[in-house]
Every structure is written in C-alpha cells, then in structure tokens.
Amino acid sequence: MFVCLQMEGADGAAVPPSLADRSHRSSISSMCARSVDVLVYLIDDTVVQLSVDSLMSVTVHELHRIVRDALQLPECAMEVFALWLISPLLEVQLKPKHQPYKVCRQWQELLLRFTDCQEDEIMQDEPSLQFRRNVFFPKRRELQIENEAVLRLLYEEAKFNILEGRYPCDVEDCEQLGALVCRLQLGPYDQDQHTACALKEKLEAFLPAHLCRRGHSLLTALWKRGAKQPAYEQGLLQAYQTVREEAACNEPEALRQHYRAYLQRCHQLPYYGCAFFYGEIDKPAQGFLHRGGRKAVSVAISLEGVYVMDSKEKHVLLGLRFQELSWDHTYPDEEEEHILWLEFDGENEGILVNKLLKIYSKQAELMSGLIEYCLELNVAAEASALENSTLQSPTLPALASKQRPKLRRQNSVVCSRIQHLATIDYIEDGKEIKRVKPKRTASFFTRQFSHGAASYSAVQAPAESLEQG
C-alpha cells in the first residue's frame with residue numbers, strides 16, 4: 001500500500017507493495033534501565049546499530065544526528081535525509097521535534113485511520129526506523145553534493161524506486177539507468193565477462209521487475225503466441241558498452257560521476273523525490289451497459305506538482321504542475337468516501353472545459369494537506385529569493401526557474417493519458433457543458449494557483465493545518 005502521512009507535523013511517502021513481503025522487523029533489539037539498542041535501516045536493508053539513552057524522550061533530531069555520525073556523513077545530510085517509521089502497512093516521515101517512541105505507541109491508531117488493513121494485521125504490525133531521503137529536499141540541490149557517501153545513499157534510493165516501478169520510466173531510459181547500475185556493480189565494461197547471457201541471469205538487479213516479468217505468464221504467452229518477446233538484456237548490454245569513463249579519473253571519482261549521472265537522469269522524471277499515496281479512480285464507461293468500475297492508482301506529490309499513475313500499467317495518467325490545478329477534499333459526511341478532487345483545464349469534443357477528477361482514498365486529507373504545504377514552501381522560497389533580488393537564485397522554487405524539458409517520446413510513460421480518465425466536465429460553476437471558454441475563476445474550489453507570472457498565491461489555509469504539530 002502507498003501511504004504518505006502528514007499529521008501532527010509528520011511528513012511521509014510511499015511504501016512499495018513488495019515491502020510487504022519482507023521479513024517483519026523491529027527497531028528495538030534490547031532494552032535496559034538506561035540504554036536501548038536501536039536498529040536503523042537503510043534503503044538497501046543495511047542495519048545501523050545504535051545505543052541510545054532515554055529512548056522514550058529522545059527526539060528525531062537527536063537520533064538523526066547520532067545516525068549521521070555513525071555513518072560519517074557531512075552536515076548537509078541533516079537536510080538531505082530524514083528518519084522514517086515504516087512497516088509493511090504504512091510509512092511515516094518524522095519531523096525533527098517528534099519522539100519516535102511516542103509515535104510508535106500511536107501506530108495502531110495511525111493504521112486504523114489511514115489504511116484499510118484488517119484488525120489482525122493491525123494488531124501484529126510493528127514499525128521499524130529507516131534513514132532515507134527527505135521528501136522536502138529540493139532535487140536541484142542534489143547535484144551540488146560532492147560527498148560520495150551521500151550520493152551513494154541517494155543513488156540507492158533512486159535505484160530502488162526505479163526497480164520497484166514506483167518511478168514509471170520508458171524502456172530506453174530503463175536501459176540507460178540499468179547500464180549505470182551495471183557499471184557501479186560490475187565495474188567497467190569487459191567484453192569477455194559482460195555478455196548478454198551474463199546480464200540476463202541478473203536482469204532484475206538492473207531493470208524494473210515489471211519489464212523482466214513481461215511475457216512470463218501463461219496468459220500472456222497464449223495471447224502473444226508467435227510474437228517475439230523483447231530481449232531487454234541486449235539493449236542493456238548496448239547501453240553498458242556506451243557508459244563513459246574519464247581516462248584520468250580514479251575509482252572514487254568515477255563512482256561519484258556515475259552516481260551523479262544516475263541521479264541526473266532520474267531528475268528528468270517529474271515525480272522524482274515525490275511522496276506517494278494509494279487511491280482509486282473511476283474507469284471510463286465502456287461497452288453496451290456502460291460499465292466502468294475503478295482503477296488502482298498511486299498519487300505522487302512533490303514541491304512541483306501532482307502526478308496520478310496507473311499502479312498496474314506503470315505509466316502516468318495525469319500530470320499537473322501546481323499552476324495548472326485547483327483541488328479540494330471531501331469527507332464521508334459529504335460523500336460516501338474520502339475523495340481528493342483535482343480540477344484542471346481540458347477539452348471535450350473540441351470544446352474547452354474544466355475537468356474534475358475524483359480520487360477515492362483514505363489519504364485524501366493527507367494529500368490535500370501536502371499540496372497546501374508544498375505551496376507554502378514555494379511561497380516562502382520565492383519570498384526569500386525576492387528579498388535577495390536574485391531572480392535565478394538556487395533558493396527559487398522549481399516552478400519559477402528554468403525547467404528541464406519533459407520527455408516527449410510518442411507514448412512515453414511520462415506523458416498524461418487524459419483519455420483514460422473518467423472526469424466530470426463543466427463550464428461556469430458546474431452547469432451543463434456550453435460553448436463558452438472556461439475560466440480558472442469559475443473553479444469549484446477556492447484553493448487554486450494564481451496565474452501570475454512565476455509566482456504563487458497563498459492558498460487559503462484550513463482551520464487547522466496538517467503540517468502544524
């Protein structure tokens with residue numbers, strides 16, 4: 001299940017479904033009167049064992065610094081990484097002032113409120129601590145990092161998200177990223193050792209699992225009988241052969257170069273560094289009986305925008321930057337379920353209309369709170385930049401600075417597929433569709449992005465912000 005939590009000051013992101021298959025683990029291995037052995041996990045399951053005094057009152061900030069010192073990371077790691085509480089059912093990014101022990105004591109309440117888990121699952125679940133990327137660390141600052149250990153941790157997390165399919169990626173890019181993984185794990189290309197057959201044996205270590213599994217099921221084999229299945233190891237091998245090596249570069253510098261190259265390519269994906277949520281959307285009505293049903297989606301939210309992705313097909317259904325949308329959420333007393341509403345401009349049979357997309361999710365309130373908080377961070381960053389009178393300052397929000405070009409391949413997984421969405425189309429405050437050009441001021445919602453040039457407008461805050469704690 002994908003869950004991002006922002007409650008009482010907690011921030012969160014996604015739990016890939018495959019994590020549910022991992023062995024159950026606890027972060028507290030032993031306890032005595034004064035000292036506790038605490039286990040902190042890295043994204044690759046490496047364990048950092050710490051001895052912590054006064055665990056019941058220790059804050060995340062204090063524990064974070066202990067982890068940083070144990071890993072011998074530079075001061076910048078305090079901003080780049082965060083401490084998370086995770087389990088197969090839920091992940092929570094903690095704020096510096098939080099006390100992990102107290103959040104653990106509330107774990108069952110969090111599961112009841114923000115997941116659809118059965119009672120027996122909730123009773124047996126126990127979180128562990130993980131050290132991973134901070135959702136609110138701007139990706140543009142990553143490439144300024146020189147420390148190899150920090151770059152390696154960022155690389156490992158990005159690789160994990162690519163291999164797990166959380167970051168939808170075109171085959172061509174998967175092969176280029178996989179080639180960098182080959183270089184980092186196997187060393188420089190050697191034509192005698194690194195053959196297509198050798199790579200095929202470890203393909204899932206280099207390419208997303210859903211690509212490696214395609215064509216392996218009986219149903220797929222019968223459906224595509226006679227069709228030649230893609231040999232991804234060949235494309236991977238060709239990309240591996242083209243990985244650049246600097247002649248005068250020693251191995252530590254070469255590693256930094258390849259870590260950075262991997263991150264640079266991941267930065268081209270608009271949802272890199274996002275927090276992930278789980279939800280469902282309506283399918284377009286099809287057939288004589290106009291049957292629809294629902295489709296499982298993951299919703300990725302970052303400092304730049306919102307992306308709705310097909311959980312099964314691993315591609316983007318809708319991608320919106322904040323200046324392109326309005327949003328709101330409704331509770332079960334207003335609707336039958338928790339719903340996040342996204343509103344954006346579109347067309348209906350050539351007519352310009354406003355479109356509404358309903359996302360059914362128990363995390364609707366959390367998604368709305370995260371959108372609001374991201375906008376507030378961007379407003380603050382822009383105000384700071386204006387004070388310094390430096391229009392291209394690194395502190396500018398991502399939307400105000402020059403953007404990387406989007407991937408424009410035909411049928412790219414990064415491109416929106418609005419035709420696959422069942423939306424409510426309207427003009428002028430929800431009336432029937434008329435041949436009138438819609439305006440953003442006709443929005444159903446008061447929460448919307450101002451169309452002012454390169455500037456955000458402050459959103460209307462709810463009575464109690466989810467970020468305040």
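Over residues 1-23 the pLDDT stays under 50, and this stretch has 108 contacts beyond four places in sequence in the model. A second stretch, residues 432-442, also has pLDDT below 50, with 32 contacts in the model beyond near neighbours in sequence. The structure is a predicted model. For the protein chain the mean pLDDT is 78, and 74% of the residues reach 70 or more.

Strand 9 pairs with a strand on either side in sequence, strand 8 and strand 10. Strand 9 spans residues 305-310, and six of its six residues are buried, so the strand is largely enclosed by the rest of the structure. In a regular strand, side chains alternate between the two faces of the sheet. In strand 9, Gly305, Tyr307 and Met309 point one way, whereas Val306, Val308 and Asp310 point the other way, and all are buried. The residues facing either way thus include no exposed position, Asp310 being among those that are buried.

The pairing with strand 8, residues 294-301, is antiparallel and comprises five bridges. These two strands form a hairpin in which three residues lie between them. Within this pairing, isoleucine 301 has valine 306 of strand 9 as its bridge partner. Strand 9 is also joined to strand 10, residues 315-321, by six bridges, again in an antiparallel arrangement. Here methionine 309 stands opposite valine 316 of strand 10. The hairpin of strand 9 and strand 10 has four residues between the strands, and lysine 314 in this hairpin takes a positive phi near 60°.

Another part of the model brings together residues that are separated in sequence. Arginine 256 is located in helix 12, which covers residues 251-267. Although arginine 256 and glutamate 146 are 110 residues apart in sequence, their C-alpha atoms lie 7.5 Å apart in space. When residues up to four places away in sequence are not counted, arginine 256 touches Glu146, Glu148 and Leu151.

The cysteines were examined for covalent links. A disulfide is a covalent bond between the sulfur atoms of two cysteines. A search of the whole structure finds zero disulfides. Cysteine 266 is in no disulfide, and the nearest cysteine sulfur, that of cysteine 169, is 7.1 Å away. The cut-off for a disulfide is a pair of sulfur atoms within 2.5 Å. Cysteine 266 has a relative accessible area of 0% and is therefore buried. Cysteine 182 is likewise buried, with a relative accessible area of 0%.

Technical notes. Residues are numbered from 1 along each chain as its sequence is written. This is a predicted model: local features need pLDDT of at least 70, side-chain atom pairs count only at pLDDT 80 or more; totals for chains, interfaces and linings use all residues. Side-chain values use heavy atoms; hydrogens and water are left out. pLDDT is the predictor's confidence in each residue, from 0 to 100. Contact means heavy atoms within 4.5 Å. Buried means under 20% relative accessible area, exposed over 50%, partly exposed in between (1.4 Å probe, protein chains only). Two strands pair if DSSP finds at least two bridges between them.
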